[in-house]
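Thanks for asking me to look this one over. My notes follow as numbered points, so you can check each one against the model as you read.

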Amino acid sequence: MKKIILLFCAFACVALSASAAKLKIKLPEAQLVGTEVPIKIENLEREAPPPEIEVPDGVTNLAKGKKVTSSDDFPLIGELELITDGEKDSSEGYYVIIADGLQWVQIDLEKSAELYAIALWHYHVQKRAYKDVIVQVSDDPEFKKGVTTIFNNDHDNSAKLGKGTDKHYVDSHYGKLFVINPPVKARYVRFYSNGNTATADNNYVEVEVYGK
């Protein structure tokens with residue numbers, strides 16, 4: 001009986017690994033220009049490439065080309081659709097700046113999906129750390145119910161969405177990969193920010209949401 005169980009486990013593990021694949025993220029080229037501004041903020045993690053993770057076969061970027069809305073209806077620079085256009089260049093004409101203060105952008109995936117990871121690039125021409133970065137998903141477009149928080153580095157609860165324990169990070173061409181483990185089913189993805197260590201701007205270059 002033990003041999004049968006072990007053989008079954010072995011076959012199950014092989015089948016499981018065969019149906020999974022490494023998530024491939026295409027990183028933009030580094031584009032640092034100008035004078036570097038010191039990043040003065042507590043709980044800052046070291047800059048590093050996104051971790052390698054495995055996801056089931058069939059997982060794709062569900063955010064590409066999807067509708068983007070925001071707490072700021074009229075961006076200071078750029079158009080909201082740039083956030084999901086597939087372009088990760090951080091030079092002029094490829095990013096969006098929305099109003100100062102706590103703001104959010106939201107992506108409608110059009111239908112509920114199983115989400116495994118989210119990648120975010122705020123701005124990578126100059127290294128910065130963004131404040132009050134909160135990533136949430138829900139099936140409710142108003143985010144009043146059924147909300148799951150994926151990431152929160154708001155350590156003092158200034159955004160009034162709950163005190164976060166995640167670290168601040170340097171926003172470079174690596175961006176930030178938020179791994180969702182276990183996966184969560186949701187239709188809408190919302191990103192909060194409240195300026196950065198160099199300016200009061202809330203910038204967005206690109207968002208990718210990996211799911212099926």
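1. A definition first, since the ring count depends on it: rings of Phe, Tyr and Trp (its six-membered ring) pair if their centres lie within 6.5 Å, and planes over 60 degrees apart count as edge-to-face. On that basis, a search of the whole structure finds 4 aromatic pairs. Please keep in mind throughout that this is a predicted model.

2. One of these pairs is Y95 with Y123: the ring centres are 5.2 Å apart and the planes stand at 80°, so the pair is edge-to-face. Y95 sits in the loop between β4 and β5 and Y123 in the loop between β6 and β7, so this pair ties together parts that are 28 residues apart in sequence. Y95 and Y123 are both buried. Another pair, F151 with Y169, is also edge-to-face, at 6.0 Å centre to centre and 80° between the planes. It links F151 in strand β9 to Y169 in the loop between β9 and β10 (170-171), 18 residues away. Both of these residues are buried too, and ring pairs join F151, Y169 and F178 into a cluster.

3. Charges also meet rings here. The charged end of K176 sits over the ring of Y169, 5.3 Å from the ring centre. Elsewhere, R190 lies over the face of W104, at 3.8 Å from the ring centre.

4. Now the overall layout. The secondary structure comes to 1 helix and 13 strands, and read along the sequence the helix comes before the strands, in the pattern α-β-β-β-β-β-β-β-β-β-β-β-β-β. The radius of gyration is 19 Å, close to the 17 Å that the globule rule gives for 212 residues, so the protein is as compact as a globular protein of that length. The C-alpha atoms fill a box of roughly 65 × 35 × 35 Å along the principal axes. Of the 212 residues, 44% are buried. Among contacts between residues at least 6 apart in sequence, 78% join residues at least 24 apart.

5. Which residues have the most contacts inside the largest nonpolar core? They are L115, I118, V189 and F191, in a core of 46 residues. Strands β5, β6, β8 (134-138), β9 (148-152), β11 and β13 each supply at least two residues of this core, and β6 gives the most, with 11 residues. For a closer look, try L115: leaving aside neighbours within four places in sequence, its contacts include L62, V137, I180, V189 and V209.

6. On to the charged pairs. Side chains of opposite charge can pair when their charged atoms come close. A search of the whole structure finds 5 salt bridges, and one of them joins K176 to E45, with the closest N and O atoms 2.6 Å apart. K176 lies in strand β11 (residues 176-193) and E45 in the loop between β1 (20-22) and β2 (54-56), so the bridge ties together parts that are 131 residues apart in sequence. K176 counts as buried, at 16% relative accessibility, whereas E45 is partly exposed at 28%.

7. E47 makes a salt bridge with K127, and here the closest N and O atoms are 2.9 Å apart. E47 lies in the loop between β1 and β2 and K127 in the loop between β6 (103-121) and β7 (128-129), so parts that are 80 residues apart in sequence are tied together. Both partners are partly exposed: the relative accessible area is 29% for E47 and 23% for K127.

8. My last stop is E208. Is this residue buried or exposed? At 8% relative accessibility, E208 counts as buried, because the cut-off for that label is under 20%. E208 forms a salt bridge with K88, the closest N and O atoms being 2.9 Å apart. The pair links strand β13 to the loop between β4 (68-70) and β5 (96-98), 120 residues apart, and K88 is buried as well. Apart from neighbours within four places in sequence, E208 is in contact with I25, N61, A63, K88, A117, I118, A119 and W121. One name there ties back to the core: I118 is among the residues with the most contacts inside it.

Definitions and conventions:
Residues are numbered from 1 along each chain as its sequence is written. This is a predicted model: local features need pLDDT of at least 70, side-chain atom pairs count only at pLDDT 80 or more; totals for chains, interfaces and linings use all residues. Side-chain values use heavy atoms; hydrogens and water are left out. Buried means under 20% relative accessible area, exposed over 50%, partly exposed in between (1.4 Å probe, protein chains only). Contact means heavy atoms within 4.5 Å. A salt bridge is a side-chain nitrogen of Lys or Arg within 4 Å of a carboxyl oxygen of Asp or Glu. Helices (H or I, at least four residues) and strands (E, at least two) are DSSP runs, numbered from the N terminus. A nonpolar core is a set of buried Ala, Val, Leu, Ile, Met, Phe, Trp, Tyr and Cys residues joined through side-chain atoms within 4.5 Å. Rings of Phe, Tyr and Trp (its six-membered ring) pair if their centres lie within 6.5 Å; planes under 30 degrees apart count as stacked, over 60 as edge-to-face and the rest as tilted. A charge sits over a ring if NZ of Lys or CZ of Arg is within 6 Å of the ring centre and within 35 degrees of the ring normal. The radius of gyration is taken over C-alpha atoms; the globule rule is 2.2 Å times the number of residues to the power 0.38.
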